[in-house]
Amino acid sequence: MKKVVRSFGFAGKGIAWSFRTQFNFRIHIIAALLVTGLGWWVRLSLTEWVCVVLCFAMVMVTEMVNTAIEVLVDLVSPGYHSKAGLVKDIAAGAVLISAILAAIIGCVIFIPKLW
Ligand SMILES: Nc1ncnc2c1ncn2[C@@H]1O[C@H](COP(=O)(O)OP(=O)(O)OP(=O)(O)O)[C@@H](O)[C@H]1O
């Protein structure tokens, strides 16, 4: 049990660090709060809430994995290396794809309700 609590502590440390240092992560959280308020206002159905929350998770998780990859690349390749740059670019591409897909899903759900 103590081990589980300790693991939660380490995970919390990683989340807190990402929040403190990553501007994009803070933007995602602010966007999630705004969308939650909008969702409450337009009275989303249960299925729509599930889709919206999955979108929040997809974007935040890819952002955190991207951050972890950036930190790791900076650790193992502090100098310039084309592969190091490529790894960071691919990870950033994953964040972009998840954000675009979340935006599309958001439009599909919210536009008809706001129309
Ligand atoms: N060690 C490196 N070798 C080669 N190119 C790199 C290296 N580090 C970064 N780059 C290039 O610079 C880009 C920006 O890298 P950087 O580490 O500044 O990430 P970032 O996306 O600006 O993230 P953040 O602002 O969160 O630090 C990378 O996507 C990559 O193309």
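These exercises work through a predicted model.

**Exercise 1. Fold and overall shape**

Task: How many helices and strands are in the chain, and in what order do the elements run?

Solution.
- Step 1. Count the elements. The chain holds 4 helices and 0 strands.
- Step 2. Read them from the N terminus. The order is α-α-α-α.
- Step 3. Test the chain against the globule rule. Its radius of gyration is 17 Å, while the rule gives 13 Å for 115 residues, so the chain is more spread out than a compact globule.
- Step 4. Take the extents. The C-alpha trace spans about 50 × 40 × 20 Å along its principal axes.
- Step 5. Check burial. Of the 115 residues in the chain, 12% are buried.
- Step 6. Check contact range. Take the contacts with a separation of 6 or more: 69% of them join residues 24 or more positions apart.

**Exercise 2. The shell around the ligand**

Task: Which residues are around the ligand, and which helix gives the largest share of the shell?

Solution.
- Step 1. List the shell. The residues are Q22, E70, S77, Y80, H81, A84, G85, K88, D89 and A92.
- Step 2. Assign the largest share. Helix α4, residues 82-114, supplies 5 residues.
- Step 3. Sort by character. The shell divides into 3 nonpolar, 4 polar and 3 charged residues.
- Step 4. Recall helix geometry. An α-helix has 3.6 residues a turn, so residues three or four places apart point the same way.

**Exercise 3. An annotated cluster**

Task: Which residues does the UniProt annotation "binding site" cover together with K88, and what is the largest C-alpha distance in the group?

Solution.
- Step 1. Read the record. The unreviewed UniProt entry annotates E70, K88 and D89 as "binding site".
- Step 2. Compare sequence with space. These residues are spread over 20 residues of sequence, yet they cluster in space, with a largest C-alpha distance of 9.6 Å.
- Step 3. Place E70. This residue sits in helix α3, residues 46-76.
- Step 4. Classify E70. It has 16 C-beta neighbours inside 10 Å, so it counts as partly exposed.
- Step 5. Find the contacts of E70. Neighbours within four places in sequence aside, E70 is in contact with K88 and A91.
- Step 6. Place D89. This residue lies in helix α4.
- Step 7. Classify D89. Only 12 or fewer C-beta neighbours are allowed for an exposed residue. D89 has 9 other C-beta atoms within 10 Å, so it is exposed.

**Exercise 4. A second annotated position**

Task: Is E63 buried or exposed, and which residues does E63 touch?

Solution.
- Step 1. Read the record. UniProt, in an unreviewed entry, places the feature "binding site" at E63.
- Step 2. Locate it. E63 is in helix α3.
- Step 3. Apply the cut-off. Burial needs 20 or more other C-beta atoms within 10 Å. E63 has 23 such neighbours, so it counts as buried.
- Step 4. List the partners. Not counting residues up to four places away in sequence, E63 touches N24, F25, H28 and V95.

**Exercise 5. Helix α2 and the residue after it**

Task: What span does helix α2 reach, and what phi does R43 take?

Solution.
- Step 1. Count residues. Helix α2, residues 23-41, has 19 residues.
- Step 2. Compare spans. From first C-alpha to last, α2 reaches 27 Å, close to the 27 Å expected at 1.5 Å a residue.
- Step 3. Move past the helix end. R43 comes just after α2, in the loop between α2 and α3.
- Step 4. Recall the background. Most residues other than glycine have a negative phi.
- Step 5. Read the angle. R43 is not a glycine, yet its phi is positive, about 55°.
- Step 6. Classify R43. It has 8 C-beta neighbours inside 10 Å, so it counts as exposed.

**Exercise 6. A separation**

Task: How many residues apart in sequence are F10 and K88, and what is their distance in space?

Solution.
- Step 1. Locate F10. It is found in helix α1, residues 2-21.
- Step 2. Classify F10. With 9 other C-beta atoms within 10 Å, F10 is exposed.
- Step 3. Take both separations. F10 and K88 are 78 residues apart in sequence and 24 Å apart in space, C-alpha to C-alpha.

Definitions and conventions:
Residues numbered from 1 in each chain as written. Predicted model: local features only at pLDDT ≥ 70, side-chain atom pairs only at ≥ 80, totals over all residues. Near = placed C-beta within 6 Å. Helix = DSSP H or I, 4+ residues; strand = E, 2+ residues; numbered from the N terminus. Nonpolar A, V, L, I, M, F, W, Y, C, P; charged D, E, K, R; others polar. Rg over C-alpha atoms; globule rule 2.2 N^0.38 Å. Contact = placed C-beta atoms within 7 Å. UniProt positions renumbered as here; feature names shortened; annotations may be inferred. Expected span 1.5 Å × (residues − 1).
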